[in-house]
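Visitor: Hello! I am new to protein structures and would like to learn how to read one. Could you walk me through it?

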Amino acid sequence: MPRDITAFSNPTIKLARSLRDKKHRRREGLFLVEGLRILSEAQDSGRLPEQIFFAAESEAHARVDGLIAAVEAAGGDAVRTTPALISKLSGKDNPQSVVGVFREWDVSLEAIERDTAPIWIVAQALRDPGNLGTILRTGDAVGAGGLILIDDCTDPFSVEAVRASMGAIFTQRIAMARWDDFLPWIRGGAGQLIGTSLEGAIDYQEPRYERPAFLLVGNESAGLPADYAAQCDITVKIPMMGRADSLNAAMATAVMAYELLNQFRR
């Protein structure tokens, strides 16, 4: 049966609240997920939270009841609390009625099985959690295997990135690596490395891409470093017909990912 907690000073609440901070996520190996929709996506993908917090009035929702039962059956902890404490956990004035605490998973390159998908997305020095979450959603939409984060990227397990992913964090593999580790890994097996760049690049619809395709996008403001682009099998650009010189990183990723998908479908 769920247990009741109504005091913010309770250690369980304080620990869950601390997971909004990266250093505490790293220390505990845990992260927060807000909202019934994303928690349902996680369950559908075979993942359940170790803890689930819910406001008493949300119990009437059948899907919430099912999640609570599944978490408890798996040995997890269900906590009934107040809307005010749910707001403290989520950091929002109008919070979702359900919050889950999940265990982080293996994010090493060795966890990536490149032959399981025709498309993989690679992001270098991505800084915006909203962009990261949107790229995960794009990967899910095109049937990509996952997202490989290169160098110092924003934390994919932050509340903001998880929220922006709309559940895709549970359908996409995630790996983190330095460029000097990624490069020998990609060259150690099948895979075409496709860089996006405005310098010395050809139109993105001109090449015939190969599977598995690894789509490499650069930092939002600086783009892909020249020495990284030089290591790619091919570098491509999206034509810009107006005054803007580039697209948002997540938008450019979506355009390229759908070009890959369309070519592979044909």
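**Reading the fold step by step**

Guide: Happily! Let us begin with the surface: the protein chain has an accessible surface of about 12,200 Å², and 48% of that belongs to carbon and sulfur atoms. Please keep in mind that this is a predicted model.

Visitor: What helices and strands should I look for, and how many are there?

Guide: The protein chain holds 10 helices and 12 strands. Its radius of gyration is 20 Å, close to the 18 Å that the globule rule gives for 266 residues, so the chain is as compact as a globular protein of that length. Along the principal axes, its C-alpha trace spans about 60 × 35 × 30 Å.

Visitor: How do strands of a sheet pair?

Guide: Strands of a sheet pair through backbone hydrogen bonds, and the pairing can be parallel or antiparallel. Here, seven strands make an open sheet with parallel pairing, in the order E8-E7-E6-E11-E9-E12-E10. Strand E8 (173–177) and strand E10 (202–203) stand at the edges with a single partner strand each, so one side of each has no neighbour in the sheet.

Visitor: Which pair could I look at in detail?

Guide: Try strand E9 (residues 192–196) and strand E11 (residues 213–217), which pair in the parallel sense over four bridges. There you can find Ile-194 opposite Leu-215 in E11.

Visitor: Is Thr-253 buried or exposed?

Guide: For this we use relative accessible area, where under 20% means buried. Thr-253 has 0% relative accessibility, so Thr-253 counts as buried. This residue lies in helix H10 (residues 249–265). Apart from neighbours within four places in sequence, Thr-253 is in contact with Ile-121, Ile-135, Thr-138, Leu-215 and Val-217. You have just met Leu-215: it is the residue in E11 that Ile-194 stands opposite.

Visitor: And how much of the whole protein chain counts as buried?

Guide: Of its 266 residues, 53% count as buried.

Visitor: What about Asp-140: where is it found?

Guide: Asp-140 is in helix H6 (residues 129–142). With a relative accessible area of 39%, Asp-140 is partly exposed. Leaving aside neighbours within four places in sequence, Asp-140 is in contact with Ala-168, Thr-171 and Gln-172.

Visitor: How do I compare distance in sequence with distance in space?

Guide: Take one pair and look at both values. Asp-140 and Arg-187 are 47 residues apart in sequence, and 25 Å apart in space from C-alpha to C-alpha. For the protein chain, among contacts between residues at least 6 apart in sequence, 79% join residues at least 24 apart.

Definitions and conventions: Residues numbered from 1 in each chain as written. Predicted model: local features only at pLDDT ≥ 70, side-chain atom pairs only at ≥ 80, totals over all residues. Heavy atoms only, no water. Helix = DSSP H or I, 4+ residues; strand = E, 2+ residues; numbered from the N terminus. Rg over C-alpha atoms; globule rule 2.2 N^0.38 Å. Buried < 20%, exposed > 50% of the residue type's maximum accessible area, 1.4 Å probe, protein only. Contact = heavy atoms within 4.5 Å. Areas by Shrake-Rupley, 256 points an atom, 1.4 Å probe, with all protein chains shown as cover. Pairing = 2+ DSSP bridges.
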